[in-house]
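The following exercises are to be worked with the sequence and the coordinates at hand. Each task is followed by a solution in steps.

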Amino acid sequence: MFITVQQATTKDLETLYEIERECFTTEAFTKEQIAYLLKNPDAVSLVAQIDDENAGFIIGLTYRGNKARIGHIYTIDVAVKHRRKGIGLRLLNELEQIFVKKSIKICHLEVRIDNVAARELYHKQGYIEMRRLKDYYPVGIHGVQLKKKLEA
Ligand SMILES: CC(C)(COP(=O)(O)OP(=O)(O)OC[C@H]1O[C@@H](n2cnc3c(N)ncnc32)[C@H](O)[C@@H]1OP(=O)(O)O)[C@@H](O)C(=O)NCCC(=O)NCCS
């Protein structure tokens with residue numbers, strides 16, 4: 001199995017949207033939102049492929065915080081049939097390396113409190129849970145904010 005990771009473009013929109021819908025129901029990004037992010041100059045969008053097939057993607061945004069630029073992971077999605085093959089970890093690693101090249105020292109994200117797979121993935125990658133976010137998601141689901149200091 002050979003995983004490659006490259007910058008995602010609007011040519012990937014259809015398959016990224018398919019994967020997004022497979023991963024999320026109520027909280028899925030619309031196709032228009034993904035298209036907007038793919039074109040946003042402050043976003044970093046990466047797609048992982050297995051044998052030329054899009055298998056997962058990650059989208060991060062950068063913005064100016066109080067003291068320095070911050071990296072924010074917006075979404076990370078892996079197609080069901082390609083899970084537990086290391087794609088999620090690989091996408092996180094690659095995104096963090098790009099953030100580091102952009103002199104970003106802090107990366108953060110939010111996740112549903114009941115999303116065991118994602119929380120385990122982030123813990124494994126060194127993210128620390130900072131605080132609970134009450135009713136952050138629809139229908140009263142709480143969230144958790146996580147943060148990682150990035151090292152060059
Ligand atoms: C979360 C997600 C991206 C993980 O992707 P993945 O490619 O399957 O993850 P990896 O194979 O890189 O797993 C790395 C580690 O994460 C943890 N992990 C991943 N899936 C897990 C699961 N279902 N249960 C428990 N731990 C899990 C494990 O520690 C795993 O290491 P291991 O396989 O050696 O035990 C994937 O499950 C997914 O797309 N979920 C739906 C979308 C989503 O919830 N995104 C996060 C939004 S914040």
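Arginine 84 is found in the loop between E4 and H3. The model is a predicted one, in which local features need pLDDT of at least 70 and side-chain atom pairs count only at pLDDT 80 or more, while totals for chains, interfaces and linings use all residues. Residues are numbered from 1 along each chain as its sequence is written, and side-chain values use heavy atoms, with hydrogens and water left out.

**Exercise 1. Loop residues with positive phi**

Task: Determine for arginine 84 whether it is buried or exposed, and state its phi.

Step 1. Helices (H or I, at least four residues) and strands (E, at least two) are DSSP runs, numbered from the N terminus.

Step 2. The phi of arginine 84 is near 60°, which is positive although the residue is not glycine.

Step 3. Buried denotes a relative accessible area under 20%, exposed one over 50%, and partly exposed the range in between (1.4 Å probe, protein chains only). Arginine 84 has a relative accessible area of 87% and is therefore exposed.

Step 4. Apply the procedure to aspartate 51, located in the loop between E2 and E3. Its phi is near 45°, again a positive value in a residue other than glycine. Because its relative accessibility is 65%, aspartate 51 counts as exposed.

**Exercise 2. The ligand site**

Task: Identify which residues come nearest to the ligand, and which backbone atoms lie beside its oxygen atoms.

Step 1. Count a residue as near if one of its heavy atoms lies within 4 Å. There are 21 residues around the ligand, and those that come nearest are Ile76, Val78, Gly86, Gly88 and Asn115.

Step 2. Search for polar contacts, that is, pairs of N or O atoms within 3.5 Å; within protein, one must be able to donate a hydrogen and the other to accept it, and residues adjacent in sequence count only if both atoms are side-chain atoms. A backbone N or O atom of glycine 86 is 2.8 Å from a ligand oxygen. For glycine 88, a polar backbone atom is 2.8 Å from an oxygen atom of the ligand. For leucine 89, the distance from a backbone N or O atom to a ligand oxygen is 2.9 Å.

Step 3. Consider the ligand surface, with areas from the Shrake-Rupley method with a 1.4 Å probe; for residues, only the protein chains shown count as cover. The ligand taken alone exposes 920 Å², and the protein buries 79% of that.

**Exercise 3. The two sides of H4**

Task: Which residues of helix H4 (residues 116-124) are buried, and why do they lie on the same side?

Step 1. The buried residues are Ala118, Arg119 and Tyr122. They cover an arc of only 100° around the axis, which puts them on the same side of H4. The arc is that of the directions from the helix axis to the C-beta atoms.

Step 2. Recall the general rule: an α-helix has 3.6 residues a turn, so residues three or four places apart point the same way.

Step 3. Examine the face turned away from the buried side of H4, where the exposed residues Val116, Ala117 and Lys124 are carried.

Step 4. List the packing partners, with contact meaning heavy atoms within 4.5 Å. The buried residues of H4 pack against strands E4 (69-78), E5 (106-112), E6 (128-137) and E7 (141-149) and helix H3 (87-101).

**Exercise 4. Isoleucine 58 and the nonpolar core**

Task: Place isoleucine 58 in its strand and in the core.

Step 1. Isoleucine 58 belongs to strand E3 (residues 53-64). Its relative accessibility is 0%, so isoleucine 58 counts as buried.

Step 2. Beyond its neighbours within four places in sequence, isoleucine 58 contacts residues including Val44, Ser45, Ile73 and Leu91. Its C-alpha atom is 7.6 Å from that of isoleucine 73, 15 residues apart along the chain.

Step 3. A nonpolar core is a set of buried Ala, Val, Leu, Ile, Met, Phe, Trp, Tyr and Cys residues joined through side-chain atoms within 4.5 Å. The largest has 26 residues, and Ile58, Ile73, Ile87, Leu91, Tyr122 and Tyr127 have the most contacts inside it. H3 provides the largest share of this core, five residues. Another core, of 16 residues, lies apart from it and includes Tyr17 and Phe29.

**Exercise 5. A buried histidine**

Task: Which side chain forms a polar contact with histidine 108?

Step 1. Histidine 108 is located in strand E5. With a relative accessible area of 13%, it is buried.

Step 2. The side chains of histidine 108 and tyrosine 63 are joined by a polar contact of 2.9 Å.
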